[in-house]
Amino acid sequence: MKGIHFIDEHGTFTMEQAENESYLYFPIAGENGMKSSVTPNFGGDSKLDQNTFLLEPVSSENLHNNRSGRNFWCEIKGEGVWSAVGQSAEAEAGKFTENQDESVLTAGFMWQTVERTSKKYQLKATVTAFVPRSVNAEVMQVTIQNIGENSKEITSVAAIPIYGRSADNLRDHRHVTSLLHRIRTTENGIYVKPTLSFDERGHQKNHLTYYVCGLTGEGEKPQSFYPDVDIFLGEGGTFTHPRAVLEHRDGEPAGKTFEGTEAVGGIRFAPVTLAKGESKTFTIFLGVTDDEKEIAALSERLVTKEAVEKEFAVIKEDWRKQVNVAYHTGNREFDQLLKWVSFQPILRRIYGCSFLPHHDYGKGGRGWRDLWQDCLALLIMNPSNVRKMILDNFGGVRMDGTNATIIGEKPGEFVADRNNITRVWMDHGMWPFLTTMLYLDQTGDLDLLNQEVFYFKDRQVERGTAHDLDWNEEEGNWQRDENGMLYKGTVLEHLLLQHLCSFYEVGEHNYIRLRGADWNDAIDLANERGESVAFTCAYAGNLKNLAGVIRKLEEGDKGRKITLLEEMQELILSKKEIWDDIEKKKALLADFTTKCRHTVSGRKVEMDALLVADCLEEKAEWMMEHIRKNEWIEDQDGDGWFNSYYDNHGNAVEGIFDSGVRMMLTGQVFAVMSQTADVKQTRAICNSADRYLYKREVGGYRLNTNFQEEKYDMGRMFGFAYGEKENGAVFSHMTVMYANALYQNGFVEEGYKALQTLADTALDFETSHIYPGIPEYFNAKGRGLYHYLTGAASWYMLTMVTQVFGVRGEYGDLVLEPKLTKEQFDADGKAQIHLEFAGAKLQVTYENPKHLGYGAYKAAKAALDDKTEIAAKDGKLVIKRAMIEKLGSGEHQIQVSLLG
């Protein structure tokens with residue numbers, strides 16, 4: 001069968017003739033900074049950051065040009081020339097014919113191996129690529145084997161073009177920056193050290209060396225080198241038709257220097273004669289360093305074939321250990337897909353939202369939402385450092401409840417806005433609470449809320465509508481009080497500010513203003529009159545849950561007081577007569593942001609915790625009732641949905657129009673998740689989503705119906721072709737959040753449908769054309785696009801663990817409350833998950849001997865290590881954290897009986 005085949009329980013997969021598929025690429029990276037992409041024939045690119053590209057930057061549309069490919073040539077004496085990675089004019093000519101090489105790609109977390117067999121030359125090449133530990137370098141191990149009857153004399157040539165500059169120079173000063181190149185040949189390879197770097201930082205002295213080196217598997221050095229593109233290609237030559245290889249030209253010796261040319265890591269090895277069945281191994285390594293001693297050290301590490309294989313085994317195990325969640329359902333393919341979904345948040349932590357070929361719109365780094373949503377998966381897999389990450393991230397919040405949008409390279413580093421950009425994403429304030437709430441549930445660490453954190457300060461004030469001309473960069477990027485002292489507030493204070501300031505920033509329909517955009521960045525043309533009903537639901541849900549957290553704090557400390565900045569009191573204490581009056585709401589917010597324009601008083605007040613909780617709940621209920629009363633749309637079948645937005649003309653975006661039904665998924669997700677939608681409305685929403693948005697063959701629930709209009713008063717999304725990206729594609733992130741919301745509210749079969757359709761489409765290679773994982777979206781044909789780097793993976797994993805398997809924390813205690821459907825148990829009626837909780841390794845097994853479906857079974861009891869029996873209450877098992885923390889090393893078994 002065409003497509004992906006899993007070959008073990010670690011997600012490792014194989015695929016035949018992968019080069020016959022378009023847009024395929026694989027991530028290989030290291031924890032130290034190297035970020036690469038590699039295609040089935042070893043194209044792709046490699047970089048440290050936007051200004052440090054080792055190989056020429058590529059997008060999805062020029063993956064096929066092969067200029068930046070990692071090539072390895074074999075000159076077979078008396079027979080011809082063969083590319084061991086399939087990058088040659090001959091390979092292109094033979095593609096899709098009986099003359100094509102046979103190839104099998106095998107890949108796992110951060111490594112790729114391709115076996116390629118040439119019938120014509122009777123050679124087999126095995127090429128493996130990975131990034132070793134603690135160094136910014138890639139390794140290619142190449143083994144050439146003679147599978148013919150007769151001996152062959154083979155001269156091997158590695159050829160990897162070295163770009164060695166900023167991505168900005170791809171067309172801006174491309175030739176001029178090549179004049180900066182200083183190239184030299186060494187005993188092992190080619191070093192390129194430009195004199196200067198040209199990028200947005202200006203002209204700076206360069207300290208980095210870009211290199212390509214090689215050794216044989218026995219540690220033998222190369223014979224000669226091709227350091228210059230013109231030398232290697234020859235007049236009229238190309239990278240798939242290089243004259244130096246085709247004409248068997250000798251290269252340059254070690255110790256030579258070249259200036260002002262485009263560079264290539266061309267390495268020629270001494271000829272070898274291979275008898276029948278014999279093989280020869282070569283190691284090519286390429287990287288970037290500011291200390292050339294590192295290259296020599298790496299040469300020693302990789303000096304033999306065995307040493308390289310040892311490095312390879314280490315990194316394979318390292319990455320496997322990072323994915324410490326495993327699933328067992330009745331569908332093995334699905335279980336292995338989940339391994340990759342669980343790995344995707346790790347990829348996003350390394351690559352950010354850019355630096356893979358489909359993510360060619362960014363310059364690297366992560367955005368505000370990414371900081372918080374990536375923590376969701378970390379709280380399941382590796383929670384040890386999440387507390388610090390959360391505290392660091394809160395340092396990006398401003399006093400007006402907005403946040404820094406320029407994220408630094410280091411954790412907790414935020415960069416001041418030096419360009420006076422005033423864009424505000426109205427949804428940014430609600431994501432930190434979702435992550436913080438999960439942290440509190442998983443750990444029980446309520447003291448986090450009492451920790452004091454700085455506030456970010458830059459020129460932007462009054463929620464991005466004005467500039468603080470009294471501020472300058474010399475003052476630093478932390479908020480100060482009127483005495484010039486740095487001001488700190490608790491995490492709880494930060495959360496309150498984010499939600500309360502948003503609550504008061506409303507448009508003419510009394511919903512939170514859309515501003516630059518919300519979660520959907522492409523709804524970006526309604527800054528003046530646009531409103532987001534969808535995220536007004538989300539903020540309302542958060543306010544209600546935040547009130548619950550405050551009540552939990554008070555429960556453990558009766559009569560508790562909450563210490564807050566003095567200026568915040570009115571934001572909390574205002575009443576309905578203010579909320580109903582839009583102008584009064586805006587005036588109250590303006591008064592607060594004016595007071596905090598440059599400095600704050602620094603004075604604190606104590607407020608009764610239960611009073612604060614009451615105030616938050618009242619606001620939440622008012623918001624929800626306002627939405628229920630004004631935004632419900634009903635169709636001719638008696639089903640319905642909520643309007644999600646108002647456009648820049650102040651008109652409702654959704655409804656039943658002459659051009660057809662206009663429905664968007666986003667508003668339904670947050671209405672259900674926040675419980676703004678009641679049970680009857682949720683049922684109606686499910687029916688409407690199935691009728692108007694669901695299309696199984698392209699992945700399931702589309703983001704919106706076809707509005708048949710460009711709609712320039714809403715956003716650029718409506719300029720996209722329908723079915724593509726934000727305009728009507730199956731956007732995985734929102735689909736998974738829809739499923740999560742449904743599971744949370746007991747609509748399990750409906751949530752399962754949303755999750756499973758995404759998974760089935762991803763696994764159907766004939767439709768999705770992607771390696772395992774969840775893409776950002778499926779287009780109008782069902783092809784997966786913008787693979788790997790999507791917040792959908794964190795939400796998918798979170799939903800599977802905490803909702804489907806029902807293994808979750810509740811203020812630190814372990815709760816088991818499964819919502820598995822009948823199909824998700826194996827033939828023996830078992831479903832199983834391996835994960836860590838409270839520092840213990842757990843295997844939770846659900847036993848459903850009667851093969852009952854959800855709703856027909858209840859969790860009756862559990863046995864911990866066959867010793868301790870725990871009884872369920874109303875189908876829910878609670879194991880106290882203290883009991884989990886006392887468990888010793890090794891994996892512990894929890895067996896849960898599900899009975900009718």
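Cys375 counts as buried, at 0% relative accessibility. The model that shows this is a predicted one. Is Cys375 paired with another cysteine? Start with what that would take. A disulfide is a covalent bond between the sulfur atoms of two cysteines. To count as one, the two sulfur atoms must lie within 2.5 Å. The sulfur of Cys375 has its closest cysteine sulfur in Cys353, 14 Å away, so the gap is too far for a bond.

Now take Cys686. This residue is buried too, with a relative accessible area of 3%. Its closest cysteine sulfur belongs to Cys537, and the distance is 15 Å, again too far for a bond. How many disulfides does a search of the whole structure find? The count is zero.

Next comes the interior. In soluble globular proteins, nonpolar side chains tend to be buried together. Here the largest nonpolar core holds 274 residues, and Phe670 and Tyr796 touch the most other members. Helix α12 supplies the largest share of this core, 13 residues. A second, separate core has twelve residues, including Trp73, Val157, Val229 and Val245.

Look more closely at Phe670. Set aside its neighbours within four places in sequence. Phe670 is then in contact with Met430, Trp431, Ala534, Phe535, Cys537, Ala538, Met734 and Met737. Cys537 has appeared before, as the residue with the closest cysteine sulfur to that of Cys686.

Turn to the open spaces. The second largest pocket has a volume of about 1,300 Å³. Its lining is made up of 43 residues, and the closest to its centre are Asp441, Asn545, Gln744, Gln803 and Arg808. Which element gives the most to this lining? It is α12, with eight residues. Several elements each supply at least two residues, among them α10 (431-443), α17 (665-673), α19 (732-744) and α22 (792-804). Strands β42 (807-810) and β46 (858-864) also do so. By class, the lining has 18 nonpolar, 16 polar and nine charged residues.

Four single residues round off the tour. Begin with Thr14, in strand β2 (residues 13-16). Is Thr14 buried or exposed? Its relative accessible area is 17%, and under 20% means buried, so Thr14 is buried. Beyond residues up to four places away in sequence, Thr14 touches Gly3, Ile4, His5, Ile7, Val104, Leu105 and Thr106.

Asn150 sits in the loop between β12 (137-146) and β13 (152-162). At 59% relative accessibility, Asn150 counts as exposed, because the cut-off for exposed is over 50%. Compare its position with that of Phe198. The two are 48 residues apart along the chain, and 53 Å separates their C-alpha atoms.

A loop residue can also be buried, as Asn520 shows. Asn520 lies in the loop between α11 (491-504) and β29 (531-532). Its relative accessible area is 2%. Not counting residues up to four places away in sequence, Asn520 touches Leu703, Met717 and Glu726.

Last is Glu823, in the loop between β43 (813-816) and β44 (830-837). Glu823 is partly exposed, with a relative accessible area of 47%. Apart from its neighbours within four places in sequence, Glu823 is in contact with Gly330 and Tyr752. Glu823 and Asn41 are 782 residues apart in sequence, and 39 Å apart in space, C-alpha to C-alpha.

Note on methods: Residues numbered from 1 in each chain as written. Predicted model: local features only at pLDDT ≥ 70, side-chain atom pairs only at ≥ 80, totals over all residues. Heavy atoms only, no water. Buried < 20%, exposed > 50% of the residue type's maximum accessible area, 1.4 Å probe, protein only. 1 Å grid on protein atoms, 1.4 Å probe; cavity = no way out; pocket = protein on both sides within 12 Å on 5 of 7 lines; lining within 4 Å. Points joined across faces, edges and corners; volume = space filled by probe spheres on them. Helix = DSSP H or I, 4+ residues; strand = E, 2+ residues; numbered from the N terminus. Nonpolar A, V, L, I, M, F, W, Y, C, P; charged D, E, K, R; others polar. Core = buried A, V, L, I, M, F, W, Y, C linked by side-chain atoms within 4.5 Å. Contact = heavy atoms within 4.5 Å.
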